[in-house]
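Here is a set of short questions and answers about how the parts of one model meet. Look at the structure first, then follow the reasoning step by step.

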Protein chains: 4
Amino acid sequence: MANKTAPDSPPGSAGGTPTRRRSERSRRAILDASLALVGEVGYDKLTIEGIASRAGVGKQTIYRWWPSKAAVLLDAFTADVDEYSAQGLPDTGDLAADLKLVLRATADEFNDPAFQAPYRALAVAGANDAELSRAFVDRLLEPGIRVYVDRLRAAQEAGEVAADVDTRVAAEMLLSPFSQRWLMRTGELTYDYVDTLVDLVLRGLRPGS
Amino acid sequence: MANKTAPDSPPGSAGGTPTRRRSERSRRAILDASLALVGEVGYDKLTIEGIASRAGVGKQTIYRWWPSKAAVLLDAFTADVDEYSAQGLPDTGDLAADLKLVLRATADEFNDPAFQAPYRALAVAGANDAELSRAFVDRLLEPGIRVYVDRLRAAQEAGEVAADVDTRVAAEMLLSPFSQRWLMRTGELTYDYVDTLVDLVLRGLRPGS
Amino acid sequence: MANKTAPDSPPGSAGGTPTRRRSERSRRAILDASLALVGEVGYDKLTIEGIASRAGVGKQTIYRWWPSKAAVLLDAFTADVDEYSAQGLPDTGDLAADLKLVLRATADEFNDPAFQAPYRALAVAGANDAELSRAFVDRLLEPGIRVYVDRLRAAQEAGEVAADVDTRVAAEMLLSPFSQRWLMRTGELTYDYVDTLVDLVLRGLRPGS
Amino acid sequence: MANKTAPDSPPGSAGGTPTRRRSERSRRAILDASLALVGEVGYDKLTIEGIASRAGVGKQTIYRWWPSKAAVLLDAFTADVDEYSAQGLPDTGDLAADLKLVLRATADEFNDPAFQAPYRALAVAGANDAELSRAFVDRLLEPGIRVYVDRLRAAQEAGEVAADVDTRVAAEMLLSPFSQRWLMRTGELTYDYVDTLVDLVLRGLRPGS
DNA sequence: AGCTAATCGAGACGGTACGTCGAGTCTTACC
DNA sequence: GGTAAGACTCGACGTACCGTCTCGATTAGCT
């Protein structure tokens, strides 16, 4: 829950000074402006001054609470995503079907332009900024992988997956080709591709294979 | 072989205007300076002015031939890499051993700091610039994947891999988790990891699995 | 009094936005640096960057308040001159003596290297920039002529000068040959020349001539 | 006749190397382009590259024959003017009428936009470049003054002007106010003004005044 | 008529300065 | 004390020209 990249605490939380007189109004305006702007002009042309002006806020108010535009964007993006990924994968007993269902939905999401700009920006901003990278992974990437690992482990316990399989590596075999394709634009994220990928990965997981 | 990001032609090539009389001396100095600087200060702090000054060159000479610092870096990086990846993967008849051998070597390479900075920078720059992304993929990423696809197809013809396997998807199952780990810093690229990955992927490829 | 070339108002003046909170420290440093540099390197080699660097100031601070280097120089030069020309010409009753006295002093001034560079520069810059020209004339040239016109008119009222003489034209007959000689370097500004000029001009002004 | 600012000699003249194989075609194109451009964009934005490109000429061809854009312009302007001013002032016996006639014509000329740009530019370029200034004065300004001095001297010999008058100073009293007005834009050059000026100057020149 | 060297159009080159943008810091006035 | 506003220094941007320097390709004058 603790925000690694921004030194803010929600009003009422237990900080050194119980309540920092921070304007919630400004905070929301800044996050909203960030998301709007990154969609309009792209990450490279996203500027602190632009965010401040769009949000009707002084630059200092941004600098006071966030260390960089990436951190702002991460907060903005995370706020929308946090609850979503907390619900886990469905478990109908049919592993292949469950994975295809969810990955197809994810493909739709990744093909949504509104989602692409900020996510790409963050994925990439992390590459040259180890600190931000950690925050991005911890808050967005890792939770996403975790639910797949959990589902695979459940399947393992149900005997649907061989006991000696490293579920973490298996999850990455599923997710990395998918996100790599999208990130590097090496191919389309179609339902066909998703199905092929799931099937091929699962062939290696079956007991006795 | 054609250079997609820089509008230059090697002297003597058949262009509309026969030869643009480009200074090879400057070209080399610029590429060298780019690689040196990206290693020293990182991609974000890499500037055209910095490259120009380090190379002892006017800024215009850079702008004349490249559209962005990313394009310069791509050329610089590619020049060193081109010949390397043209030789294909070994084929001893033992697919697992061959893959492990090469992936281990690649892991070493990715763990080399001199290689990391420019490669990360390019991966990242591509994400926010579709044009550059294509050049990056075509000139660096795709050739790297191709050799794996070729090796897998050879194995398929040798009956070592099931005939119905999509070798392209299989290659990505191998390479994407690997490069994703590195790019996002979600884990170390150890020999153990490589071996585990290769083994798990191959389980799904075997005929009759 | 109003500054035509710079959009600044002295702190405390009544503008739409009460006070623009301009740094007096920077303003002085810029004006001082301009005068110093124009003397050292000449107007052509005077650059905004040079002024900024010498003044220890960002370029933007200059561009924020002045439209061109000529405008800066005009302000710098005017600041030193404003009060000076407000005192009028002496009136001892002897017109010729009074004019010779003042013109000799002016000759000394025009022969002073510290004065030459900026004044020449402004005269020149004005020729190719009508806007600046107006400011130059209004703030430097015109006040200088005015005091002569006033003195001539006083002489006219005293009966020393014919009533039908256009004092403005007469003043120009006195001042233009003088400044033209200096500007075009067609001759030296000696006391002899000044005396000859005054005498010849006055011959035409005497009543009954 | 010798050109002080440009190291060229007309073909056939006696230089070290008797005949320099210079392209007359290029020379004309350069001078024409200069005049055209200075009229279109003004002196400040007149560039060597612009002239070269407009004239369809290599930059080097300009640099080979002229030291600066001012020198080019001076040549271009002089070529058109040289013959004109060689004919002297009319002498009908009525000095005032002769002066008014010619000065009115000159006023018309100075009010012609095509004439203004280059002449102003040259007058002014000289202020910061003593070398050019001398050339400008010698080739354009001085010959213009000379004809007035000659006419005044003739009048002096005819007893129309007092014998003790310095005709040079008198000529400047006539011409400087005129050109100063124009150069500094301190007033219009009307026929009225010309007449007033001539009359007032002549009042001081009459014998016995 | 052929030779040869100066001159030509073209434009790349190392530089300097331009005028603009944004970063991150600081100051002022308001609430 | 947090905030909106915005001036400040600084660094880099991408562009325009500078004056110099090759490149072939004319081309003029001499042999």
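**Chains and DNA in contact**

Q: How many salt bridges are counted between chain D and chain C?
A: There are four salt bridges between chain D and chain C. The model is predicted.

Q: Why is the pair D:Arg203 and C:Asp164 called a salt bridge?
A: The cut-off is 4 Å, from a side-chain nitrogen of Lys or Arg to a carboxyl oxygen of Asp or Glu. The closest N and O atoms of D:Arg203 and C:Asp164 are 3.1 Å apart. That is within 4 Å, so the pair is a salt bridge.

Q: Which elements of chain D each supply at least two residues of the side that touches chain C?
A: They are α6 (113–125), α7 (130–157), α8 (167–184) and α9 (191–203) of chain D. The largest share comes from α8(D), with twelve residues.

Q: What makes up the side of chain D that touches chain C: how many nonpolar, polar and charged residues?
A: This side has 22 nonpolar, ten polar and eleven charged residues.

Q: How many residues does each chain bring to the contact between chain D and chain C?
A: Chain D brings 43 residues, and chain C brings 43 residues. Together the two chains bury about 3,500 Å². Of this area, 59% is on carbon and sulfur atoms.

Q: Which residues of chain D lose the most area to chain C?
A: They are D:Met184, D:Leu200 and D:Arg203. Together they make up 18% of what that side buries.

Q: What does the contact between chain B and chain A involve?
A: Here 43 residues of chain B touch 43 residues of chain A. The two chains bury about 3,600 Å² between them, 58% of it on carbon and sulfur atoms. B:Met184, B:Leu200 and B:Arg203 supply 19% of the area that chain B buries against chain A. No other three residues supply more.

Q: Why do A:Arg181 and B:Glu172 count as a salt bridge?
A: Their side chains meet at 3.0 Å, N to O. The limit is 4 Å, so A:Arg181 and B:Glu172 qualify. Between chain B and chain A the count is four salt bridges.

Q: How many residue pairs are in polar contact between chain B and chain A?
A: There are 16 such pairs, with both residues at pLDDT 80 or more. The largest share of the side of chain B that touches chain A, twelve residues, comes from α8(B).

Q: What makes the approach of C:Gln60 to DNA strand E a polar contact?
A: An N or O atom in the side chain of C:Gln60 is 3.0 Å from a base nitrogen of the strand. The cut-off for a pair of N or O atoms is 3.5 Å, so this is a polar contact.

Q: Where on DNA strand E does D:Arg64 make its approach?
A: A polar side-chain atom of D:Arg64 lies 3.0 Å from a phosphate oxygen of the strand. For C:Ile48, a polar backbone atom is 2.8 Å from a phosphate oxygen.

Q: Which residues are the closest to DNA strand E?
A: They are A:Lys59, A:Gln60, B:Trp65, C:Lys59 and C:Tyr63. In total, 38 residues surround the strand. They divide into eight nonpolar, 15 polar and 15 charged. α3(B) gives the most, with five residues.

How values were computed. Residues numbered from 1 in each chain as written. Chains lettered and ligands numbered in written order. Predicted model: local features only at pLDDT ≥ 70, side-chain atom pairs only at ≥ 80, totals over all residues. Heavy atoms only, no water. Contact = heavy atoms within 4.5 Å. Buried area = accessible area lost by both parts, 1.4 Å probe. Helix = DSSP H or I, 4+ residues; strand = E, 2+ residues; numbered from the N terminus. Nonpolar A, V, L, I, M, F, W, Y, C, P; charged D, E, K, R; others polar. Polar contact = N/O pair within 3.5 Å; in protein donor to acceptor, adjacent residues only side chain to side chain. Near = heavy atom within 4 Å.
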